[in-house]
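Visitor: I am new to protein structures. Could you show me one and take my questions?

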Amino acid sequence: MDSSAVARKASRTRKAKAAGRKAAVTRKRRAAGSKAAVTRKRRAAAHKAAATKRAGASAARKPVLLSGGNPQIAKADGDAPVQAYLAALPGWKREVGQRLDALITRTVPGVRKAVKWNSPFYGVEGQGWFVGLHAFSKAIKVTFFKGTSLQPVPPGGTGKDGRWIDVHEDDLDEAQLAAWVKQAAAIPGWGNV
């Protein structure tokens, strides 16, 4: 064998050894990556389990009251979240809120309910939301989303469409509110129900 053949063979041997080392390093990195992926999956599962546990515990706790005594209730559709909101209202607001809910339910058979932005919403399927409630320190605000279309127009508000009335502890005019609710439910409301 001449010296150039020996040099070529040595070069091929070095390249083969380098390729083998590179492959070994790649295998180790892949194994480490899959271990890291398993660890990440385990951590994610543990985090999810802890969050579920916290959510279950918070569901059993009383809702947090925001400014003005407005309960913090998760966004959800149906009667149950609205009833949870009303039950969490402090003091006289609970009774007034329940009376308002009963009035709306009685006036509009089949009314759809939801809690959005920590406030109960009432609507008619296919027509949208027509009224919402929100608790403040001294009153419960009853907002008619298309209030400018009602007769007489509710006294609160100066915007394009919405009008409201503040209901205090002892001034719930059920006859006027029922008339407004009936009118509001008959016209297209706001958003999708």
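Visitor: How many bridges join strand β5 to β6?
Guide: This is a predicted model. Strand β5 covers residues 140-144. Strands β5 and β6 run antiparallel. In β6, for instance, V167 is the bridge partner of I140. The number of bridges joining β5 to β6 is 5.

Visitor: In what order do the strands form the sheet?
Guide: Strands of a sheet pair through backbone hydrogen bonds, either parallel or antiparallel. Here the pairing is antiparallel, and 6 strands form an open sheet. Their order is β1-β2-β3-β4-β5-β6.

Visitor: Which are the edge strands?
Guide: An edge strand here pairs on one side only. Two strands fit that description: β1 (76-77) and β6 (163-167).

Visitor: Helix α2 lies across which strands, and at what angle does it run to β2?
Guide: Helix α2 spans residues 79-88. It lies across β1, β2 (112-116), β3 (119-124) and β4 (128-135). Its angle to β2 is about 55°.

Visitor: And helix α4: at what angle does it run to β5?
Guide: Helix α4 takes in residues 174-186. It lies across β3, β4, β5 and β6. To β5 it runs at about 35°.

Visitor: Why is the pair of W117 and F121 classed as it is?
Guide: A pair of aromatic rings is described by the distance of the centres and the angle of the planes. The count of aromatic pairs in this model comes to 7. For W117 and F121, the centres are 5.8 Å apart and the planes are at 50°. Planes under 30 degrees apart would be stacked and over 60 edge-to-face, so this pair is tilted.

Visitor: Is W117 buried or exposed?
Guide: The cut-off for exposed is over 50% relative accessible area. W117 has 61%. Its partner F121, at 7%, counts as buried. W117, by contrast, is exposed.

Visitor: Where do F145 and W190 lie in the chain, and how many residues apart are they?
Guide: F145 and W190 form a tilted pair, 5.5 Å centre to centre with 45° between the planes. F145 is in the loop between β5 and β6, and W190 is in the segment after α4. The pair links distant parts of the chain, with a separation of 45 residues.

Visitor: Is F145 buried or exposed?
Guide: Buried means under 20% relative accessible area. W190, at 39%, counts as partly exposed. F145 has 18%, so it counts as buried.

Visitor: Which residues do ring pairs link into a cluster?
Guide: The cluster takes in F145 and W190. W129 belongs to it too. Named in full, the cluster is W117, F121, W129, F145 and W190.

Note on methods
Residues are numbered from 1 along each chain as its sequence is written. This is a predicted model: local features need pLDDT of at least 70, side-chain atom pairs count only at pLDDT 80 or more; totals for chains, interfaces and linings use all residues. Side-chain values use heavy atoms; hydrogens and water are left out. Two strands pair if DSSP finds at least two bridges between them. Helices (H or I, at least four residues) and strands (E, at least two) are DSSP runs, numbered from the N terminus. Contact means heavy atoms within 4.5 Å. Axes are lines fitted to C-alpha atoms, for helices over the stretch in contact, and angles run from 0 to 180 degrees between N-to-C directions. Rings of Phe, Tyr and Trp (its six-membered ring) pair if their centres lie within 6.5 Å; planes under 30 degrees apart count as stacked, over 60 as edge-to-face and the rest as tilted. Buried means under 20% relative accessible area, exposed over 50%, partly exposed in between (1.4 Å probe, protein chains only).
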